Amino acid sequence: MRLRTDFSGILGWLSNQGLEVVLLVLGAALLTRAIGKAGRMWLARIDAENADKELWSERSKHLHSVVQVVSYVAIGVLYVVFGIQILLRFGVNLVTLVAPATVLGAALGFGAQRVVQDFLAGFFALAERQYGYGDIVELTTSTGVAAGTVEDVTLRVTRLRTLDGEAVIVPNGQIVTAVNQSQDWARAIVDVPVPNSADMDEAHDILSQVCRDIVHDDEVGVYILDEPSVMGVQSIKLEQTVLRLLARTKPGMQWEVGRRMRAVILRRFRQEGIVLEPEAMAAIRAGMVRPDDGEGVS
């Protein structure tokens, strides 16, 4: 008789609260899939809208990152709500868990300060639109510098893809400085080493003509926002004088514009009989710029 009573109680619980627990678990699984699918559909729509564009708008990049974060947060909140409901079905009194939860929360707060710091830093990075999906960034962390194209942004980490194809995962809380090289507009800096034996006025006139013509260039003209300018002498060395050109470009296109300008300058100098020193010619052909320009990050 006692065994029957126990089994009847278990069967009664299974037919009521047990069935509700199963339904809650299934509901959580289905809602998780639905949220994930909705997020992927939204991301696919954003990608489709920008498929024919060479450059994404700041709104699209920010929205892409926000959709990813919202999907993760929604799934996390879903698990918490359904977890509480399942505990209630098992007869757990949540009021009695307040004191242990407070102690546990304090312990986790001290032990997981880095995680909390990562989440707060990620929240402010998104809220302030410091960078987003597809941006070319250089992140200075407590352990070094990470540079590349942003592939994923969550509240905890930022994932970059370097020029070599390596995936770099950076915790948001460790980011000290974020340099966004593809936000709103960019600037191409071209240093031209002119031999001291050449006529500097003539070289300046040639560079000024290049600045006027490059705006209508078939390859990079559409990337230039306004006419480049010759800033003048940047430095004087024993055998050459360095002249600097500046060009304001669309975000992320400064390196393409800079490479094209160097090629045009080299051809114009050759046509006008200005012979560059071997080292200078090798430098301009290779598209060398200042080490801190960050060229080549993609």
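This report walks through a sheet, two helices and some side-chain pairs of a predicted model.

## The five-stranded sheet

Let us start with the strands. Five of them form an open sheet in the order E4-E3-E2-E1-E5, and the pairing is antiparallel. The edges are taken by strand E4 (167-171) and strand E5 (175-180); each has a single partner strand, so one side of each is left without a neighbour in the sheet. On average, neighbouring strands of this sheet are turned by 45° against each other, direction ignored. As general background, strands of a sheet pair through backbone hydrogen bonds, either parallel or antiparallel.

Two of the pairings can be followed residue by residue. Strand E2 (residues 145-153) runs antiparallel to strand E3 (residues 157-161), and four bridges link them. If you would like a landmark here, look for Asp-152, whose bridge partner in E3 is Arg-159. On to the next pairing: E3 and E4 are also joined in the antiparallel sense, over five bridges. A good place to find this pairing is Thr-158, which has Val-170 as its bridge partner in E4. The hairpin of E3 and E4 has five residues between the strands, and Gly-165 in this hairpin takes a positive phi near 85°.

## A charged network on E2 and E3

Across the whole structure, a search finds eight salt bridges. Two of them share Glu-151. In one, the side chain of Arg-159 meets that of Glu-151 at 3.7 Å, N to O. In the other, the side chains of Arg-161 and Glu-151 come together at 3.1 Å, N to O. Arg-161 sits in strand E3 and Glu-151 in strand E2, so this pair ties together parts that are ten residues apart in sequence.

How open are these side chains to the outside? Arg-159 is partly exposed, with a relative accessible area of 32%. Glu-151 also counts as partly exposed, at 25% relative accessibility, and Arg-161 counts as partly exposed at 29%. Buried would require a value under 20%. Glu-151 has a second role in the picture too: through salt bridges that share partners, Glu-151, Arg-159 and Arg-161 are joined into one network.

## Helix H6

Now for a helix. H6 covers residues 254-271, which makes 18 residues; at 1.5 Å a residue they should span 26 Å, and the end C-alpha atoms are indeed 26 Å apart, so the two values agree. The buried residues of H6 are Gln-254, Trp-255, Val-257, Gly-258, Arg-260, Met-261, Arg-262, Val-264, Ile-265, Leu-266 and Phe-269. Just after the helix, Gly-273 takes a positive phi of about 80°.

H6 also holds a salt bridge of its own, in which the side chains of Arg-259 and Glu-256 meet at 3.5 Å, N to O. Both residues lie in H6, three residues apart, about one turn of the helix. In general, an α-helix has 3.6 residues a turn, so residues three or four places apart point the same way. Arg-259 is partly exposed, with a relative accessible area of 42%, and Glu-256 counts as partly exposed at 34% relative accessibility.

## Cys-211 and its surroundings

Bench work often brings cysteines into view, and Cys-211 is one to look up in the model. Where does Cys-211 lie? The answer is helix H5 (residues 200-214). At 2% relative accessibility, Cys-211 counts as buried, since the cut-off for buried is under 20%.

Which residues is Cys-211 in contact with, leaving aside its neighbours within four places in sequence? They are Glu-227, Pro-228, Ser-229, Val-230 and Leu-245. For Leu-245, which is 34 residues away from Cys-211 along the chain, the C-alpha atoms of the two are separated by 8.3 Å.

## One aromatic pair

Finally, a search of the whole structure finds one aromatic pair. The rings of Phe-123 and Phe-124 have their centres 5.4 Å apart and their planes at 75°, so the pair is edge-to-face; an angle over 60 degrees is what earns that label. Phe-123 is partly exposed, with a relative accessible area of 47%. Its partner Phe-124 also counts as partly exposed, at 42% relative accessibility.

Note on methods: Residues are numbered from 1 along each chain as its sequence is written. This is a predicted model: local features need pLDDT of at least 70, side-chain atom pairs count only at pLDDT 80 or more; totals for chains, interfaces and linings use all residues. Side-chain values use heavy atoms; hydrogens and water are left out. Helices (H or I, at least four residues) and strands (E, at least two) are DSSP runs, numbered from the N terminus. The expected span of a helix is 1.5 Å times one less than its number of residues. Buried means under 20% relative accessible area, exposed over 50%, partly exposed in between (1.4 Å probe, protein chains only). Two strands pair if DSSP finds at least two bridges between them. Axes are lines fitted to C-alpha atoms, for helices over the stretch in contact, and angles run from 0 to 180 degrees between N-to-C directions. Contact means heavy atoms within 4.5 Å. A salt bridge is a side-chain nitrogen of Lys or Arg within 4 Å of a carboxyl oxygen of Asp or Glu. Rings of Phe, Tyr and Trp (its six-membered ring) pair if their centres lie within 6.5 Å; planes under 30 degrees apart count as stacked, over 60 as edge-to-face and the rest as tilted.
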